[in-house]
Amino acid sequence: MMSTDDGCLATRSGLRGSSGGILAALVFGALLCALLGAPLGTSTAVAQTAASVPEAGSGATPPAEAVPVSPLETAPAAAAPAEAANPPPGITDALLASALPRDLSPWGMFLNAVLPVKLVMVGLAFASLATWTVWLAKTLELWNAKRLARRGLEVLASATSLRGAEKELAKQPQQARSPLARFVAAAVGEADRSEGLASEGVKDRAATLLSRIEAQAGRVILRGTGVLATIGATAPFVGLFGTVWGIMDSFIGISKTNTTNLAVVAPGIAEALLATAMGLIAAIPAVVMYNGFARAITGYRAQLGDAAAEVLRHLSRDLDREDFPRKEAAPVVRLRQTVE
């Protein structure tokens, strides 16, 4: 290549005598360089150098020709549209992050969650509301039932007969529909219907009737606690379902955006985890309340059992008085013999 270039330059320098010779030398040099495989940029540069040299003995300066632009210089301009069509990953992540919702408060995450996760969170919110409603209602009901049972036990303990206890309970309006008033009424009714029959049969029938009334009162006081048990057992799994759905949606978003930027992934995962948090918020109080009510109801049933036993004692005593009326001349048998 060096010999070829030297030959081209020698040929051109020999023809500098006139302007016509210069033109001929340029044409001949271009053809010779093309045939010998010289780069076009090299021949063009040599031609410009030759053309810029002034003619010997001439004082006029030839006009400057326009310098051609190198293909390497035009390459960045041509590559610009390609870069604009395929921006680098960093720019894509920044644009996606700026387009994401920035409100990561619980209410904002709820509003930006997908529809299945929203439905799960709404259901858990209603479950939590039902839990606290049952807690308030059952707390008041149990407090009133225990208070009536305690007062009724005091009346039964201080009464001398079943009829007297019935009259004392009738004086208290709140005791009219209490289980203890029903105990006394059932025992008195069974004694009246069994007049003239053996006392042992009356006691057995009264005991059976009182046990049924006690069981019914226990079922009534248990109403509503099943809701707490259901919420406590299922709410965590419902929240977990919302979390799984939200995380699946986040992974689908990752696959669509072709980015693993934390700013893109974090909001969807946070919304999914909010469903689990709401499930725990609904379940934990429900379990605690259910256990507390179970202990309180057990204590209330114990009070009902004591009341039923007290009613049966009064009934047995009254039946014995009727079977063995007091006589003035009847001998008195002492439990302990006194030392004379």
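Good morning. I begin with a definition: a residue is called buried when its relative accessible area is under 20%, exposed when that area is over 50%, and partly exposed in between. Trp132 has a relative accessible area of 44%, so Trp132 is partly exposed. Please bear in mind throughout that the structure before you is a predicted model.

Let me turn to the overall picture. The protein contains 12 helices and 0 strands. Of its 340 residues, 30% are buried.

I return now to Trp132, together with a partner. Where do Trp132 and Trp135 lie? Both belong to helix H7, which covers residues 115-158, and they sit 3 residues apart, about one turn of the helix. Trp135 has a relative accessible area of 35%, so Trp135 too falls in the partly exposed class. The protein has 2 aromatic pairs by the rule applied here. In one of them, the ring centres of Trp132 and Trp135 are 5.8 Å apart and the ring planes stand at 80°; planes over 60 degrees apart count as edge-to-face, so this pair is edge-to-face.

Phe241 and Trp245 also form a pair, and both are in helix H11, 4 residues apart, about one turn of the helix. How are the rings of Phe241 and Trp245 arranged? Their centres are 6.0 Å apart and their planes meet at 55°, so the pair is described as tilted. Phe241 is partly exposed at 45% relative accessible area, and Trp245 is partly exposed at 36%.

Helix H11 deserves a fuller description. Val244 lies in this helix, which runs over residues 225-257. Does the length of H11 agree or disagree with its number of residues? At 1.5 Å a residue, its 33 residues should span 48 Å, and the end C-alpha atoms are 48 Å apart, which agrees. H11 nevertheless has a bend of about 40° at Thr234, with a proline, Pro236, following within four residues. Just beyond the helix comes Asn258, which has a positive phi near 55°.

Which residues of H11 are buried? Among them are Leu228, Ile231, Ala235, Gly239, Gly242, Thr243, Gly246 and Ile254. Other residues make up a nonpolar patch on the surface, with an area of about 610 Å². Its members are Phe237, Leu240, Phe241, Val244, Trp245 and Met248. Val244, one of these patch residues, has a relative accessible area of 43% and is therefore partly exposed. The two rings of the tilted pair, Phe241 and Trp245, likewise belong to residues of this patch.

Helix H10, residues 199-222, offers a second check on length. Its 24 residues should span 34 Å at 1.5 Å a residue; the end C-alpha atoms are 35 Å apart, which agrees. The buried residues of H10 include Val202, Lys203, Ala206, Leu210, Ile213 and Ile221. Just after this helix, Gly224 adopts a positive phi of about 100°.

Finally, I should like to mention a lysine. Lys167 is part of helix H8, residues 162-170. Is Lys167 buried or exposed? Its relative accessibility is 60%, so Lys167 counts as exposed. Along the chain, Lys167 and Val155 are 12 residues apart, and their C-alpha atoms are separated by 10.0 Å.

Thank you for your attention.

Note on methods. Residues are numbered from 1 along each chain as its sequence is written. This is a predicted model: local features need pLDDT of at least 70, side-chain atom pairs count only at pLDDT 80 or more; totals for chains, interfaces and linings use all residues. Side-chain values use heavy atoms; hydrogens and water are left out. Patches are made of residues with over 30% relative accessible area and no salt bridge: like charges are joined within 9 Å, nonpolar side chains (Val, Leu, Ile, Met, Phe, Trp, Tyr) within 5 Å. Accessible areas come from the Shrake-Rupley method with a 1.4 Å probe; for residues, only the protein chains shown count as cover. A salt bridge is a side-chain nitrogen of Lys or Arg within 4 Å of a carboxyl oxygen of Asp or Glu. Helices (H or I, at least four residues) and strands (E, at least two) are DSSP runs, numbered from the N terminus. Buried means under 20% relative accessible area, exposed over 50%, partly exposed in between (1.4 Å probe, protein chains only). The expected span of a helix is 1.5 Å times one less than its number of residues. The bend at a residue is the angle between axes fitted to the seven residues ending there and the seven starting there. Rings of Phe, Tyr and Trp (its six-membered ring) pair if their centres lie within 6.5 Å; planes under 30 degrees apart count as stacked, over 60 as edge-to-face and the rest as tilted.
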